[in-house]
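Subject: Structure for you to look at

Dear colleague,

Here is the structure I said I would pass on. My notes on it follow below.

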Amino acid sequence: DTEGLLRIKEEIQKHYRRAQRHQEKKEKIQRHNRKLGDLVEKKTYDLKTQYEHLANLRRMHILELTSVIFPIEEVKTSMRDPADVSSESDNAMTSSTVSKLAEARRTTYLSGRWVCDDHNGDTSISITGPWIILPNNGDYSAYYNWVEEKKTTQGPDMEHNNPAHTISAALCYATQLVNTLSLILDVNLPKKLCNRQVNEFCGENLSRHRFTRAVKKLNANILHLCFSQHVNLDLLHPLHTLRNLMYLVSPDTENLGR
């Protein structure tokens, strides 16, 4: 029994020494993990700082781009509400008629359906200059009408102020700006817009189908950029091409460059 007891004590001492070694190894691993944790925390902070610095650089480049080369502004038009004009000409007009006229003014027939647009007729959005504008409500029917007239009219087009020219030019500039913004922000666009499609707006007269398809692709890319920069969704509208761009590159966009 005494010899058995001695053997058990020796085994206990052996296990105790092994437990001490394991404890030392555990403490060493814990110190190593704490060291790695501190290093990861420092690297994370440095990475966050670099992201913020990169975002500031992107923001600076974008604001410079949109202030020097592609300025986007809201252009007020001097149109009066037909309800006001009619009420002045006919004092006996009822309030219901005035309200119906005002409602009609805020309604646009677009692509085969009536859409409500509170900005209809009040403003337009310009790019690169006040003379290159797009309708605020996304109604590009002036371009379709112009293309149809060109098919039946012979000879050169001498109307330099034709709204179809400004529409195609504005869309061409908007496409160039979107492509540049995607490079600066390092955001892949869902709809590919190559140089051929950029020149498509200003090159040849597009059919209604091709024109509508190109505009839809441009609007989808603009919305994708707005989503990536966390633009307030309440400000966006799927048909407002330049207005969405204006909100995207606005200095008030807090997350621009993220």
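Ser-207 lies in the loop that links helix H6 (195–202) to H7. This is a predicted model, and the values below are computed from it. With a relative accessible area of 33%, Ser-207 counts as partly exposed, because that class runs between the cut-offs of 20% for buried and 50% for exposed. Ser-207 and Glu-148 are 59 residues apart in sequence, and their C-alpha atoms are 8.8 Å apart in space.

Next, the sheet. It is open and has three strands, in the order E1-E4-E5, with antiparallel pairing. E1 and E5 are the edge strands; each has a single partner strand, so one side of each has no neighbour in the sheet. On average, neighbouring strands are turned by 35 degrees against each other, direction ignored. H5 packs on this sheet and touches E1, E4 and E5. The direction of H5 makes about 105 degrees with that of E5.

The pairings in detail are as follows. E1 and E4 run antiparallel and are joined by five bridges; Lys-76 has Thr-123 in E4 as its bridge partner. Three bridges connect E4 with E5, again in the antiparallel sense, and here Ser-124 is partnered by Pro-135 in E5. E4 and E5 make up a hairpin with five residues between them. In the turn, Thr-128 has a positive phi of about 65 degrees.

E4 itself is mostly covered, with five of its five residues buried. Thr-123, Ile-125 and Ile-127 point one way from the strand, while Ser-124 and Ser-126 point the other way.

One of those residues, Ile-127, also appears in the largest nonpolar core, which has 43 residues. Ile-127, Tyr-143, Leu-171, Leu-181, Phe-211 and Leu-245 are the members that touch the most other members. Two or more residues each come from helix H1 (2–68), E4, helix H4 (141–152), H5, H7 and H8. H5 gives the most, with eleven residues.

Leu-171 is worth a look on its own. Setting aside neighbours within four places in sequence, Leu-171 is in contact with Leu-134, Tyr-140, Phe-201, Phe-211, Val-215, Leu-218 and Thr-241. Phe-211 is thus both a contact of Leu-171 and one of the core members with the most touches.

Thr-241 leads on to H8. Helix H8 (residues 241–248) is mostly covered, seven of its eight residues being buried. The buried ones are Thr-241, Leu-242, Arg-243, Asn-244, Leu-245, Met-246 and Leu-248. They pack against three strands, namely E1 (72–76), E4 (123–127) and E5 (133–135), and against the helices H5 (163–185) and H7 (208–228).

Last, the cysteines. How many disulfides does the model have? The count comes to zero, where a disulfide would need a pair of cysteine sulfur atoms within 2.5 Å. Cys-172 is buried, with a relative accessible area of 8%. Cys-226 is also buried, at a relative accessible area of 0%. Both values fall under the 20% cut-off, so both residues are classed as buried.

Regards

How values were computed:
Residues are numbered from 1 along each chain as its sequence is written. This is a predicted model: local features need pLDDT of at least 70, side-chain atom pairs count only at pLDDT 80 or more; totals for chains, interfaces and linings use all residues. Side-chain values use heavy atoms; hydrogens and water are left out. Buried means under 20% relative accessible area, exposed over 50%, partly exposed in between (1.4 Å probe, protein chains only). Helices (H or I, at least four residues) and strands (E, at least two) are DSSP runs, numbered from the N terminus. Contact means heavy atoms within 4.5 Å. A nonpolar core is a set of buried Ala, Val, Leu, Ile, Met, Phe, Trp, Tyr and Cys residues joined through side-chain atoms within 4.5 Å. Two strands pair if DSSP finds at least two bridges between them. Axes are lines fitted to C-alpha atoms, for helices over the stretch in contact, and angles run from 0 to 180 degrees between N-to-C directions.
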